Amino acid sequence: MMKFISPAKLTELGILGMNRRNISFIGQYNPRRNYRLVDDKLLTKKAAIDNDIPVPQLYGIVERQQQINGLAAMLAGYDGFAIKPSQGSGGKGILVITGRKEDCFVKSSGVEISTEEIGRHITNTLAGLHSLGGRNDRAMIEALISFDPCLEGYSYEGIPDIRVIAFKGIPVMAMMRCATHSSDGKANLHQGAVGVGLNIATGRSVGAVQHGQLVEVHPDTGAIFSELQVPHWDNILDLAARCVEMTGLGYLGVDIVLDRNFGPMLLELNARPGLAIQVANQSGLRHRLAIALKIAEQTDDHDTKIALAKEHFGGQ
Amino acid sequence: MATPKVHIGVIAGVLILLGIGLTLYKSIVLGFPLLPGKYREVWTIESKISITPTEGPVEVDLRLPEDLAGWVVLEEHFASSGFGFTVVDDKGARVARWTRQALDAPTTLYYKLQTYRLQESELEDAAIPDIEEPMLEADQLAAMERLVGILREQSSGPASFAGLLATQLTDESQNLDASFLLGSYEDAKHLVMLEVLAFAGIPAREVRGIQLQDGRRRQTMSSLIEVYNGSSWVTIDPGTGASGLPTGFFVWERGDESVLSVSGGRNSSLEFALVENSLPARTVVGMEQRSHDYALLDFSIYSLPVEQQGMFKGLLLIPVAALIVVIMRVLVGLKTSGTFMPILIALAFLQTKLLPGLAIFIILVSVGLWIRSWLSHMNLLLVSRISAVVIVVIFLMAVLAIVSYRAGVDQALTVTFFPIIILAWTIERMSILWEEEGVKEVLRQGGGSLLVATLAYLAMSIPLVEHLTFNFPEMTLCLLGVILLLGKYTGYRLFELYRFRDLAFKE
């Protein structure tokens, strides 16, 4: 039986709807001209490096079809890497190579593929198959994340990433997205990944949700979510807030991964972050965004904003 | 935050009030009916006179139609670029006269009129013309005498005489004399008929007019015969011999005067483009009485050329479909493949009708997806791939049309109304969606698109909606206002009430 929630209840919970997000936040605080920096991952990476925000190392860029002939030489010396469309969206078109086996490369799923097949993937990427609006694109080859062992077990066949919604420089809500077998190694909640709500003050789990239902343990690995404590939490909040300053976008989704050696790294930014984070946190964004707006009016100081965010949004 | 919203509110309010105000004005003051009610078939006849000039001054005379046999002329427009133009009176008939000192290139002149048939009456009584005895060769005389003799025996009066004559002349094998006369005159059949009738001493003359056919272009003038049976005039169709005015025959002129006469030109021709519109009876009356008194009517869609009127009939329905799309996306939250693809599909449905349209669409997209999956193995560049899909779609349409036509299903011929490029993009998008998100998402978005298209089609095919959009284009302002307001709607979508349903049990 299909059940609906009443609009009054949604308002009471402070759930942010798609229409209000588009008009009152994205439309109002995200100037169109700043989108490019976010939609093009190469530009994001460059800006991040300029602002001392750590990002995965860039091995190379493929801009033209002819460059694919020299692909083998370009990849020489790298055993693991990820190939991404520069303007991809929603994790589309990302090819992760974790090692080599004789002449072939090994994908994260264990399947072996040849250099030609990687070339074909890049051809599609250049033609815009994976990109926003099907525009011609560039392919970037970047270093693999060697993910932090303390998060081991929370993700299956994929790296967990941390999504922070930052509004006017204030981290408002956060979640960790853990891939599962049913999400096919992808970190998208609607494909079956687990979303773990995180306490803004501490980086501890406040609850985990898969397919909209609360779950206690990871369905594949059995890891207990209530024991989750994301390390380097203060660095993560600091990084998210700095991204807002870097992009000039008021309402921003910041995707962060934890690297074993380098700590939190910026993976990508999103000018139209989704609403699923509210389900993972079992809490609405609207009240928090209203408080964040007040904080932003009170102070311009980076550290004070984060401190106030921790104070207001930490008490779950 | 409040300011822009209030701003939009004011603009939308003004638009809606303006739309309602103009609509009410038209309906109350000008008497346009808000409900469809009784319809009249109003024909727009566009006459096209083509002339190739010779040396010297050019004069083109066109006899204008009078209100005959229940036909009422509503409006007339003349186009005369570079010509002097007057309407003169010539023995009681109106003649449009275009004049020019010299002309160096072939030219076309236009005369457009709108007319409807107030009542199905026969031609009015008129003076009986004198009968001119035809001049005949000896063998023609003999044939004429024999033919008239036989027809006199078989007929009961002038009308049936003329009717029989028409059939004899049509089916030449029936009567050798009739076929001989037709051959020796080397003239149009109705002219031979007039000669025979004159020989038999029956008053008769020609009636010229246009056989009306909706959407017909390059129609030429056709002729009927009318005979006087002693008390009234009876019209005879020289093709069939049937008496009475054929349905849909617009009477242009009675008598033998030529309709078009050109001096200073050659190869002149007169052709007609015809369009039929169903207009509410009261609107028609309004047009008749007030067409020149109110600027609003002068600037209405009825003042446009015929073909554009037909275009606008369709175009004015699009805002309704757009409103449906906005409601379904903003208020309901339905996902569609491409924002306005459903509107284009709905427009195609208007031509194909709903069920055949749905069937054709699903067949085209499914087969297209299947073929597209081969293309995806070929590793083509994006533009080539989509172009290939476009070509495949055209082939599919042709195959579908031919196969179903052979099988006797005429409905499938309407397949050509589907926008090819949109279909190609839909197939391409669905195919990528399939690879990335799986079949479920394809069915969800495809189903959503078809649902919105169906709703838009249903809304557009309501007779009241068609009536209102075409007769009260001002109402589009109201739609615009509502769409602007919906563009500022920040409430929840219906689907979000489902999406966040589990949060209801929190605490």
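In this predicted model, the meeting of the two chains is a good place to start: 23 residues of chain B are in contact with 27 residues of chain A. On the chain B side, the elements that each supply two or more residues are H13 and helix H17 (494–499). H17(B) contributes the most to that side, with three residues. Sorted by class, the chain B residues that touch chain A comprise twelve nonpolar, four polar and seven charged.

**The two chains in outline**

Here are the chains next to each other, with their elements and their buried share.

| Chain | Helices | Strands | Residues | Buried |
|---|---|---|---|---|
| Chain A | ten helices | 13 strands | 316 residues | 46% |
| Chain B | 17 helices | twelve strands | 507 residues | 32% |

Contacts between distant parts of the sequence can be looked at in each chain too. In chain A, 62% of the contacts between residues at least 6 apart in sequence join residues at least 24 apart. For chain B, 77% of the contacts with a separation of 6 or more come from residues 24 or more positions apart.

**A helix pair in chain B**

H13 of chain B, already met where the chains touch, also packs within its own chain. Two packed helices are described by the angle between their axes and the distance between the axes. Helix H11 (residues 354–377) of chain B and helix H13 (residues 420–437) of chain B have axes that come within 9 Å and cross at roughly 60°. H11(B) is therefore oblique to H13(B), and their crossing is right-handed.

Which residues make the contact? From H11(B) come Leu364(B), Val365(B), Gly368(B), Leu369(B), Arg372(B), Ser373(B) and Ser376(B). H13(B) answers with Leu423(B), Thr426(B), Ile427(B), Glu428(B), Met430(B) and Ser431(B). By class, this contact holds six nonpolar, five polar and two charged residues.

**Helix H2 of chain A**

Over in chain A, helix H2 (residues 18–29) offers a neat check on geometry. Its twelve residues, at 1.5 Å a residue, should span 16 Å, and the end C-alpha atoms are 15 Å apart, which agrees. Within H2(A), the buried residues are Asn19(A), Arg20(A), Arg21(A) and Phe25(A). What lies over these buried residues of H2(A)? The cover includes strand S12 (251–259) of chain A together with helix H9 (318–332) of chain B, and with H9(B) the account comes back to the partner chain.

**Two buried strand residues**

Let us finish with one strand residue from each chain. Leu266(A) sits in strand S13 (residues 263–270) of chain A. Is Leu266(A) buried or exposed? Leu266(A) has 24 C-beta neighbours inside 10 Å, and 20 or more is the cut-off, so Leu266(A) counts as buried. Setting aside neighbours within four places in sequence, Leu266(A) is in contact with Ala48(A), Ile53(A), Pro54(A), Val55(A), Leu239(A), Cys243(A), Val254(A) and Ile256(A). Ala240(A) is 26 residues away from Leu266(A) along the chain, and the C-alpha atoms of the two are separated by 8.4 Å.

In chain B, Thr44(B) belongs to strand S1 (residues 39–53). Thr44(B) is buried because 23 other C-beta atoms lie within 10 Å. How many residues separate Thr44(B) and Phe272(B) in sequence? The two are 228 residues apart in sequence, while their C-alpha atoms are 9.8 Å apart in space.

Notes
Residues are numbered from 1 along each chain as its sequence is written. Chains are lettered from A and ligands numbered from 1 in the order in which they are written. This is a predicted model: local features need pLDDT of at least 70, side-chain atom pairs count only at pLDDT 80 or more; totals for chains, interfaces and linings use all residues. Axes are lines fitted to C-alpha atoms, for helices over the stretch in contact, and angles run from 0 to 180 degrees between N-to-C directions. Helices (H or I, at least four residues) and strands (E, at least two) are DSSP runs, numbered from the N terminus. Angles under 35 degrees count as roughly parallel, over 145 as roughly antiparallel, 65 to 115 as roughly perpendicular and the rest as oblique. A crossing is left-handed if the near helix is turned anticlockwise from the far one by less than a right angle, and right-handed if clockwise. Two residues are in contact if their C-beta atoms, placed from the backbone, lie within 7 Å. Ala, Val, Leu, Ile, Met, Phe, Trp, Tyr, Cys and Pro count as nonpolar, Asp, Glu, Lys and Arg as charged, and the others, Gly among them, as polar. The expected span of a helix is 1.5 Å times one less than its number of residues.
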